[in-house]
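Work through the exercises below with the model open. Each task is followed by a stepwise solution.

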Amino acid sequence: MNLLSRMILLLCCCLPISAQATEPLRFAYQDRIGDALSIIAVKKNLFAAEGLQVKPLLFNNGPACSEALFTGAVDVATMGDTTAVSALTKVSDLRIIGSHGAGESRHRIMVPASSPLRQLADLKGKRLGVKKGTSTHGGLLALLKAKGIAIGDMKLVELDPDTMPAAMAAGSLDAFVASEPTPSLAEQQGARELTTLAGLGNSYPLLIVAKSATLQKREADLQRFFRALKRAEQFLVTHRNEAVLMLSKATGLTPQMTRRAMQRHSYRLQLDQLTISSLEQTAAFLHEQKKIKQVPKFAEVTDKRCITSPKSTGK
């Protein structure tokens, strides 16, 4: 084989690796207060700072992110606990690779300011807006059971979170339940809080999910991905006012409402025992309610290898 042939062969062998290395990591995230780290990382180009090319795709709810992951439209996605647990029972090769936030008070039931409804039991016979399949939906079911209220005692109206405040203002709903920033958006329009979904011993973790094949093929990229989110976590502490303005623009909340909504969350990259126990609680409840056929074995469907990657080497 002459020198030219050897060079051509070498180039042919290297091209697939090179092409794979330059493929952007497709990332589905949400325009929610809970997705603060993702929003900051995208807006501040923190992925690029870690040498990672990312193609961000913005959605307004977890089930939409989950669907994008199912269909192969994205490589990694954020979603709430109920969405993730449901997904794990349907697609065997999904893995929870981290939590980027939590907050037991981030889900709230809202009513019009003039509403006579004063407590949870007053919702009997009323129209309650909810996005089914979400973390909020799972938390609502758990709260109703804890309070001895049957889900059939009220009329659930399925709506996207973005449409809930307007639907309630128009009189199409008596109340709605959603996660931030939707409740705060409604407060800006004169609504008030009836109650939260807190007090059930669940942190309602916000999760990052990927397929096991992506973990195997792009482990180094996912480590860079988490290092970028770690930068965002640090930015949130050191540049709080700038972060508030950034999230205000992303969510449509006033800066004051944004700051209050952020206080209902904790923003920390982790996959600790509290996260796992909260997931186990959610899964057990969903199984009891016949929303899922089996409880996932979380020791098998969680993977910490990327979230515990070495410190950033970027500038």
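## Exercise 1: helix α2 and the loop after it

α2 is largely enclosed by the rest of the structure, because seven of its eight residues are buried. Helices here are DSSP runs of H or I with at least four residues, strands are E runs of at least two, and both are numbered from the N terminus. Buried means under 20% relative accessible area, exposed over 50%, and partly exposed in between (1.4 Å probe, protein chains only). The model is predicted: local features need pLDDT of at least 70, side-chain atom pairs count only at pLDDT 80 or more, and totals for chains, interfaces and linings use all residues. Residues are numbered from 1 along each chain as its sequence is written, and side-chain values use heavy atoms, with hydrogens and water left out.

**Task.** Identify which residues in α2 are buried, then describe Asn45.

**Solution.**
1. The buried residues of α2 are Ala36, Leu37, Ser38, Ile39, Ile40, Ala41 and Val42.
2. Asn45 sits in the loop between α2 and α3.
3. Its phi is positive, near 55 degrees.
4. Asn45 counts as exposed, because its relative accessibility is 53%.
5. Ala113 is 68 residues from Asn45 along the chain, and their C-alpha atoms are separated by 40 Å.

## Exercise 2: the cores

**Task.** Find the largest nonpolar core and the elements that supply it.

**Solution.**
1. A nonpolar core is a set of buried Ala, Val, Leu, Ile, Met, Phe, Trp, Tyr and Cys residues joined through side-chain atoms within 4.5 Å.
2. The largest one has 40 residues; Ile40, Phe47, Val76, Ile97, Phe225, Phe226 and Leu229 have the most contacts inside it.
3. Elements that each supply at least two of its residues include β1 (25-30), α2 (36-43), α3 (46-49) and β10 (206-211).
4. α10 gives the most to this core, with eight residues.
5. Another core lies apart from it, with 23 residues, among them Cys65, Val74, Val85 and Leu286.
6. Leu229 touches Leu37, Ser38, Ala41, Phe47, Ile208 and Leu269, leaving aside residues up to four places away in sequence. Contact means heavy atoms within 4.5 Å.

## Exercise 3: the whole chain

**Task.** How compact is the chain for its length?

**Solution.**
1. Count the elements: 14 helices and 10 strands.
2. The radius of gyration is 21 Å, close to the 20 Å from the globule rule for 315 residues, so the chain is as compact as a globular protein of that length. The radius is taken over C-alpha atoms, and the rule is 2.2 Å times the number of residues to the power 0.38.
3. Of the 315 residues, 52% count as buried.
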